[in-house]
Amino acid sequence: AFDGTGYGSDGTIWGGEFLLCTPTTFERFGHLKSISLMGGDRAMREGFKCAYAYLYHAGLEAEIKDDRFALIKAALEHHIQTVQSSSMGRLFDAVSAMLNISHTSRNEGEAAILLENQASSFAEQMTMSVEAYTFIIEPSHTINVFPMLHEMVQDMKSTVAIPLIAYRFHLTVVQMIVTMCMKMKDAFGIKDVALSGGVFQNTLLMTLSVEALRDNDFTVHYNCQVPCNDGGIALGQAYYANFRKD
């Protein structure tokens, strides 16, 4: 379940989750590593805040050349108007800002859409083999993307084309999905994977994810008649209520 903002059962903001589900229960098997973000819902519109937070937590604050960062850093260090978030949507916003594609969004999902457009432009003309960036699965099944950010910064310093970096980022998210699903299959013997949440409106990410999962012998379920973002929530609630016995 990849989206921008979901209220987690632990009181933090979720959005990069791998859930083991039955019709009436779920277990949070793994998730994107939570970091402190400044601004709450404003972070959705001001992607540069997400980027600076990720760079700060990854030990890359020296790469930030913006007078506004001093205030953001102070807020992060003193926990002023910050939230803990494992949101994949905010990671897309952060990467879009890091690559100077979109620092602010006028409309919901704008930064992520522009990032996808860059990646798709490379995919359409791809003539070379491309590998995912590095990430770490920590013992608690949290996905640490800090190594990826270091490699992306190095690519930018080496003047690697932005569409290629954007594509490699998408490829990395796909590899996260496959790696975590393989761990869940090994642990529970489950081969059915459902991909949903607003992030999966990203056609490139969905296409690559479905292909990679099927290549690893998973049965993949995804939204066709019902929206994968907030428009599908009510149906999920009704489905859940139908199975409740109390």
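The exercises below, each with a worked solution, concern a predicted model of a protein.

**Exercise 1. Overall build**

Task: State how many helices and strands the protein has, and decide how its radius of gyration compares with the globule rule.

Solution.
- Step 1. The count of elements is nine helices and nine strands.
- Step 2. The radius of gyration is 18 Å, and the globule rule gives 18 Å for 246 residues. The two values are close, so the protein is as compact as a globular protein of that length.
- Step 3. Along the principal axes, the C-alpha atoms fill a box of roughly 55 × 45 × 35 Å.
- Step 4. Of the 246 residues, 47% are buried.

**Exercise 2. Two ring pairs between strands**

Task: Classify the ring pairs Phe2 with Phe18 and Trp14 with Phe26, and find which strands they link.

Solution.
- Step 1. The whole structure holds 10 aromatic pairs.
- Step 2. In the pair Phe2 and Phe18, the ring centres are 5.6 Å apart and the planes stand at 85°. An angle over 60 degrees counts as edge-to-face, so this pair is edge-to-face.
- Step 3. Phe2 belongs to strand S1 (residues 2-7) and Phe18 to strand S2 (residues 13-21). The pair therefore ties together parts that are 16 residues apart in sequence.
- Step 4. Residues under 20% relative accessible area are buried. Phe2 has 2%, so Phe2 is buried. Phe18 has 6%, so Phe18 is buried.
- Step 5. The rings of Trp14 and Phe26 have centres 6.2 Å apart and planes at 85°, so this pair is edge-to-face.
- Step 6. Trp14 is in strand S2 and Phe26 is in strand S3 (residues 26-32), 12 residues apart, and the pair links these distant parts of the chain.
- Step 7. Trp14 is buried at a relative accessible area of 10%, whereas Phe26 is partly exposed at 46%.

**Exercise 3. Helix H2 and the rings around Phe48**

Task: Decide whether helix H2 is largely enclosed or not, and describe the ring contacts of Phe48.

Solution.
- Step 1. H2 covers residues 47-57. Of its 11 residues, 10 are buried, so H2 is largely enclosed by the rest of the structure.
- Step 2. The buried residues of H2 include Phe48, Tyr52, Leu55 and Tyr56.
- Step 3. Ring pairs join Phe48, Tyr52, Tyr56 and Phe69 into a cluster.
- Step 4. Phe48 also has a charged neighbour: Arg68 lies over the face of its ring, at 3.9 Å from the ring centre. Elsewhere, Arg168 lies over the face of Tyr133, at 3.9 Å from that ring's centre.
- Step 5. Just after H2, Gly59 has a positive phi of about 75°.

**Exercise 4. The second largest pocket**

Task: Give the volume of the second largest pocket and describe its lining.

Solution.
- Step 1. Rolling a probe the size of a water molecule over the atoms shows where empty space is left.
- Step 2. The second largest pocket holds about 250 Å³ of space.
- Step 3. Its lining has 14 residues, and Leu55, Glu63, Ile64, Met98 and Met156 lie nearest the centre.
- Step 4. Helix H2 (47-57), helix H4 (88-98) and helix H6 (146-157) are the elements that give two or more residues to this lining.
- Step 5. By character, the lining of this pocket divides into eight nonpolar, two polar and four charged residues.

**Exercise 5. A contact across the chain**

Task: Locate Val174, and find how far its C-alpha atom is from that of Leu208.

Solution.
- Step 1. Val174 sits in helix H7 (residues 162-188).
- Step 2. Its relative accessible area is 6%, so Val174 is buried.
- Step 3. Val174 and Leu208 are 34 residues apart along the chain, and 6.7 Å separates their C-alpha atoms.

**Exercise 6. Positive phi outside glycine**

Task: Find where Gln81 and Thr159 lie, and state the sign of phi for Gln81 and for Thr159.

Solution.
- Step 1. Most residues other than glycine have a negative phi.
- Step 2. Gln81 is not a glycine, yet its phi is positive, about 55°. Gln81 lies in the loop between helix H3 (69-78) and strand S5 (82-85).
- Step 3. Thr159, also a residue other than glycine, has a positive phi near 55°. Thr159 lies in the loop between H6 and H7.
- Step 4. A residue over 50% counts as exposed. Gln81 reaches 64% relative accessibility, so Gln81 is exposed. Thr159 reaches 68%, so Thr159 is exposed.

Note on methods:
Residues are numbered from 1 along each chain as its sequence is written. This is a predicted model: local features need pLDDT of at least 70, side-chain atom pairs count only at pLDDT 80 or more; totals for chains, interfaces and linings use all residues. Side-chain values use heavy atoms; hydrogens and water are left out. Rings of Phe, Tyr and Trp (its six-membered ring) pair if their centres lie within 6.5 Å; planes under 30 degrees apart count as stacked, over 60 as edge-to-face and the rest as tilted. Helices (H or I, at least four residues) and strands (E, at least two) are DSSP runs, numbered from the N terminus. Buried means under 20% relative accessible area, exposed over 50%, partly exposed in between (1.4 Å probe, protein chains only). A charge sits over a ring if NZ of Lys or CZ of Arg is within 6 Å of the ring centre and within 35 degrees of the ring normal. On a 1 Å grid over the protein atoms alone, a cavity is a set of points where a 1.4 Å probe fits but cannot get out, and a pocket is an open set with protein on both sides within 12 Å along at least five of seven lines; lining residues have an atom within 4 Å of a point. Grid points are joined across faces, edges and corners, and a volume is the space filled by probe spheres set on the points. Ala, Val, Leu, Ile, Met, Phe, Trp, Tyr, Cys and Pro count as nonpolar, Asp, Glu, Lys and Arg as charged, and the others, Gly among them, as polar. The radius of gyration is taken over C-alpha atoms; the globule rule is 2.2 Å times the number of residues to the power 0.38.
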